[in-house]
Amino acid sequence: MAVPGTFLMPILLLCRLSPNLAAARSPTGVECVLFNEEYMTCTWGSREMLTANYSLYYWYENRSPVVECKHYLQDQGVSIGCHFNQSEIIQFQPFRVLVNASLGGRTLEIPSKRMELQDLVKPEAPVNLTIRNMSSNQLQLTWTSPYPKAQCLEHAVKYKSNKDTSWMEQRVKGEIFSFPSVDYEKYYTFYVRSKINSYCGSTQLWSEWSVPVVWGNNSTSKSVVEEQLHWFWIHTVLIPIASCLLLLVLVILLVRMERVWVILMPRIPNPSKNFDELFVTHNGNFQEWAGVPKDIVESFKPNYSENICYVSELPPKESYEHLWESSNHLLSLMPTALAAPCEHSPYKSTYVG
């Protein structure tokens with residue numbers, strides 16, 4: 001069985017190339033993506049993988065001649081892909097490319113498989129996501145797509161509440177998604193992406209996920225944006241400011257440690273210093289030290305005198321007769337002061353016979 005020349009030629013060329021080109025990694029395949037039917041890119045590697053010089057040629061079967069790429073995609077001087085403008089794209093026509101790898105004056109031709117561009121379309125992500133309350137427990141999510149042929153799209157909606165652990169994904173035809181059984185104690189996050197449906201192509205390329213839209217009860221939840229701003233202010237503003245203030249307080253405490261200790265633990269005053277003048281200058285005279293006027297001091301001195309009054313105790317009744325007999329004799333023997341009456345005395349002696 002004869003080997004087709006299309007596959008034999010690259011093998012023979014590879015064997016005849018220099019060792020350097022043989023050691024260079026050839027591209028594993030050309031991948032072409034048609035973005036939103038506005039432009040297309042075909043790539044075959046990266047700067048880290050490729051060591052030779054590459055060039056790309058393309059053509060449509062039975063329609064146009066072979067044309068070299070007009071806009072190469074390069075990484076540090078090495079061509080890694082080709083950019084096609086909208087005017088260079090023809091859908092529903094078999095499309096082929098050929099990549100030449102050259103090194104040291106030798107060239108290796110690497111053809112690609114046949115491609116259908118309508119199967120390589122990647123739509124742009126949906127925009128303008130909007131949520132409306134249709135009833136007490138139902139939401140309606142709508143969006144628009146930048147893809148020019150909306151009838152050729154199918155969509156997927158990804159959503160999750162703040163209390164769910166995994167995402168739910170649902171396929172949707174059209175640009176409306178109804179979400180029943182809303183829990184007002186939760187808030188929900190929705191994403192949407194798009195893909196060409198089976199009526200317009202057989203691509204498996206999904207668009208990127210859209211910018212999320214959030215719905216929830218304001219009294220019980222926060223939106224994702226508000227929560228992100230909250231943590232942004234905490235981590236980038238409040239924490240650094242608090243750290244700087246704490247450091248400043250510590251520096252002030254170290255510089256003025258003695259003053260701080262005096263404030264926190266004041267010394268107990270010594271009262272002896274306050275009374276030095278009382279004992280040294282005034283010799284313990286409290287009135288002079290306190291500054292009391294002399295007339296007030298004199299007003300507190302007593303202005304009268306009392307004489308001594310002697311009082312004797314009466315004997316028992318049994319001895320009245322004996323005392324009466326000897327009273328004359330005893331009175332004659334007592335001193336005169338005892339017999340004299342007391343002057344200015346509130347007390348008087350009374351004898352009872």
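Which residues of the largest nonpolar core touch the most other members? In this predicted model, the core comprises 29 residues, and those with the most contacts to other members are Cys-32, Met-40, Cys-42, Leu-56, Phe-84 and Phe-95. Two or more residues are supplied by each of β1, β2, β3 (53–60), β6 (78–84), β7 (94–103) and β8 (106–111). Both domain 1 (31–119) and domain 2 (123–216) contribute, each with at least three residues. A second core, separate from this one, holds 16 residues, among them Leu-129, Val-157, Val-172 and Val-213. In soluble globular proteins, nonpolar side chains tend to be buried together.

Leu-56 illustrates the surroundings of one member of the largest core. Apart from neighbours within four places in sequence, Leu-56 is in contact with Cys-42, Trp-44, Val-67, Glu-68, Cys-69, Tyr-72, Cys-82, Phe-84, Val-97, Leu-98 and Val-99. Of these partners, Cys-42 and Phe-84 are also listed among the core residues that touch the most other members.

The protein chain as a whole contains nine helices and 17 strands. Of its 353 residues, 27% are buried. The accessible surface amounts to about 25,600 Å², and carbon and sulfur atoms account for 58% of that area. Among contacts with a separation of 6 or more, 62% link residues 24 or more positions apart.

Five strands form an open sheet with mixed pairing, in the order β5-β6-β2-β1-β10. Strands β5 (72–75) and β10 are at the edges, each pairing on one side only. Within the sheet, β1 (residues 31–35) and β2 (residues 39–43) run antiparallel and are joined by five bridges. In this pair, Val-33 of the chain lies opposite Thr-41 in β2.

The edge strand β10 (residues 121–122) includes Lys-122. Lys-122 is classed as buried because its relative accessible area is 19%, under the 20% limit. Its side chain makes a polar contact of 2.9 Å with the side chain of Glu-208. Beyond neighbours within four places in sequence, Lys-122 is in contact with two stretches of residues: Val-33, Leu-34, Phe-35 and Asn-36, together with Leu-205, Trp-206, Ser-207 and Glu-208.

Thr-203 is located in the loop between β16 (187–196) and β17 (213–216). With a relative accessibility of 2%, Thr-203 is buried. The side chain of Thr-203 comes to 3.2 Å from the backbone oxygen of Asp-119. Asp-119 is also one of the residues touched by Thr-203 when those up to four places away in sequence are not counted; the others are Leu-120, Val-121, Lys-195 and Ile-196.

A further set of pairings involves strand β12 (residues 138–144). Strand β12 is largely enclosed by the rest of the structure, because five of its seven residues are buried. Strand β11 (residues 127–135) runs antiparallel to β12 and is joined to it by six bridges. One bridge links Arg-132 to Gln-140 in β12. Strand β12 also pairs with β15 (residues 176–180), in the antiparallel sense and over five bridges. Here Leu-139 is opposite Phe-179 in β15. In a regular strand the side chains alternate between the two faces of the sheet.

Note on methods
Residues numbered from 1 in each chain as written. Predicted model: local features only at pLDDT ≥ 70, side-chain atom pairs only at ≥ 80, totals over all residues. Heavy atoms only, no water. Helix = DSSP H or I, 4+ residues; strand = E, 2+ residues; numbered from the N terminus. Buried < 20%, exposed > 50% of the residue type's maximum accessible area, 1.4 Å probe, protein only. Contact = heavy atoms within 4.5 Å. Areas by Shrake-Rupley, 256 points an atom, 1.4 Å probe, with all protein chains shown as cover. Polar contact = N/O pair within 3.5 Å; in protein donor to acceptor, adjacent residues only side chain to side chain. Pairing = 2+ DSSP bridges. Core = buried A, V, L, I, M, F, W, Y, C linked by side-chain atoms within 4.5 Å. Domains from an automatic or database assignment.
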